[in-house]
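Here are my notes on the structure you asked about. Please read them with the sequence and the model side by side.

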Amino acid sequence: MPRPLGELEDAVMTRVWQWNRPVTVREVLEDLQQERSIAYTTVMTVMDNLHQKGWVRREAEGRAYRYTAVSTRAAYSAALMNEAWSTSDNPAAALVAFFGMMSAEQREALRNAFRIVGYDDGSAAETAAEQTAEQTAEQAAEPPAGSAAQPPAAAPSEPPPAEGDSAGRGAEPGR
């Protein structure tokens, strides 16, 4: 699993991803120098490190190299999200917290992603979130190992009504 890129590694990879073509150290250096003072050898070292880590491949061109991204920024982001989620001690709770932080635009992107991977209706994101919330509630109700079993707390059968929704269905605005 990938480790997050450092600040300078990310700045270099951003250019490689944006340009989407083989690049030289000199090209990246000149672009970075528009934002900060940086030495050629620093950029060369960062690009060599990225090559060693498997983020870029390189081909010799004369006495220099041309570097190309091995994967996309989207794949990098997805791998980081997967790593963070899979290392959580409570993945279901982590997903619930993550969904709770999402903006309306991010929720729409999630719905679109569910459609792309094969879910037919637009409620797939909500269904997944509801199932995750149920799993989290079940896990929270489980007694710690070695303790006497307690009856689970009664979970509310329906979420509280959303603002302006007297039926109590929790309808999301704009849907």
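1. Overall make-up. The protein has 7 helices and 2 strands. Starting at the N terminus, the order of the elements is α-α-α-β-β-α-α-α-α. Please keep in mind that this is a predicted model. The protein has 175 residues, of which 23% count as buried. Among contacts with a separation of 6 or more, 47% are between residues 24 or more positions apart.

2. The nonpolar core. Which elements give two or more residues to the largest nonpolar core? This core has 22 residues, and the elements in question are H1, H2, H3 and S2. H1 supplies the largest share, with 6 residues. The residues with the most contacts inside the core are Val12, Met13, Leu32, Val43, Met47 and Leu50. Take Val43 as an example: leaving out residues up to four places away in sequence, Val43 touches Val25, Val28, Leu29, Leu32 and Ile38.

3. H1 against H2. Two packed helices are described by the angle between their axes and the distance between the axes. For H1 and H2 the angle is about 110° and the axes are 11 Å apart. An angle of 65 to 115 degrees counts as roughly perpendicular, and H1 and H2 are therefore roughly perpendicular to each other. Their crossing is right-handed. On the H1 side the residues that meet H2 are Leu8, Ala11, Val12, Arg15 and Trp19. On the H2 side they are Glu27, Val28, Asp31 and Leu32.

4. H1 against H3. Here the packing angle is about 80°, and the axes are 10 Å apart. That makes H1 roughly perpendicular to H3 as well. H1 contributes Leu8, Glu9, Val12, Met13 and Val16 to the contact. H3 contributes Thr42, Val46, Met47, Leu50 and Lys53. Val12, Met13, Met47 and Leu50 should be familiar from the core described in point 2.

5. The loop between H1 and H2. Thr24 lies in this loop. Is Thr24 buried or exposed? Its relative accessibility is 14%, and buried means under 20%, so Thr24 counts as buried. Apart from neighbours within four places in sequence, Thr24 is in contact with Tyr65 and Arg66. Arg66 lies in strand S2, which covers residues 64-69.

6. Salt bridges in general. Side chains of opposite charge can pair when their charged atoms come close. How many salt bridges does a search of the whole structure find? The count is 10. Three of these pairs are taken up in the next points.

7. Arg73 and Asp10. The side chains of these two residues form a salt bridge, with 3.0 Å from N to O. Arg73 belongs to helix H4 (residues 73-86) and Asp10 to helix H1 (residues 7-19), so the pair links distant parts of the chain, 63 residues apart. Arg73 is partly exposed, with a relative accessible area of 32%. Asp10 is also partly exposed, with a value of 24%.

8. Glu27 and Arg66. In this salt bridge the closest N and O atoms are 3.5 Å apart. Glu27 lies in helix H2 (residues 25-32) and Arg66 in strand S2, so the pair ties together parts that are 39 residues apart in sequence. Both residues are partly exposed: the relative accessible area is 23% for Glu27 and 25% for Arg66. Glu27 was also listed in point 3, among the H2 residues that meet H1.

9. Arg58 and Asp48. The closest N and O atoms of this salt bridge are 2.8 Å apart. Arg58 is in strand S1 (residues 56-61) and Asp48 is in helix H3 (residues 40-53), with their positions 10 residues apart in the chain. Arg58 is partly exposed, with a relative accessible area of 24%. Asp48 is partly exposed too, at 27%.

10. A shared network. Which residues are joined into one network by salt bridges that share partners? They are Arg21, Glu27, Glu61 and Arg66. The pair from point 8, Glu27 and Arg66, is thus part of this network.

Definitions and conventions. Residues are numbered from 1 along each chain as its sequence is written. This is a predicted model: local features need pLDDT of at least 70, side-chain atom pairs count only at pLDDT 80 or more; totals for chains, interfaces and linings use all residues. Side-chain values use heavy atoms; hydrogens and water are left out. A salt bridge is a side-chain nitrogen of Lys or Arg within 4 Å of a carboxyl oxygen of Asp or Glu. Helices (H or I, at least four residues) and strands (E, at least two) are DSSP runs, numbered from the N terminus. Buried means under 20% relative accessible area, exposed over 50%, partly exposed in between (1.4 Å probe, protein chains only). A nonpolar core is a set of buried Ala, Val, Leu, Ile, Met, Phe, Trp, Tyr and Cys residues joined through side-chain atoms within 4.5 Å. Contact means heavy atoms within 4.5 Å. Axes are lines fitted to C-alpha atoms, for helices over the stretch in contact, and angles run from 0 to 180 degrees between N-to-C directions. Angles under 35 degrees count as roughly parallel, over 145 as roughly antiparallel, 65 to 115 as roughly perpendicular and the rest as oblique. A crossing is left-handed if the near helix is turned anticlockwise from the far one by less than a right angle, and right-handed if clockwise.
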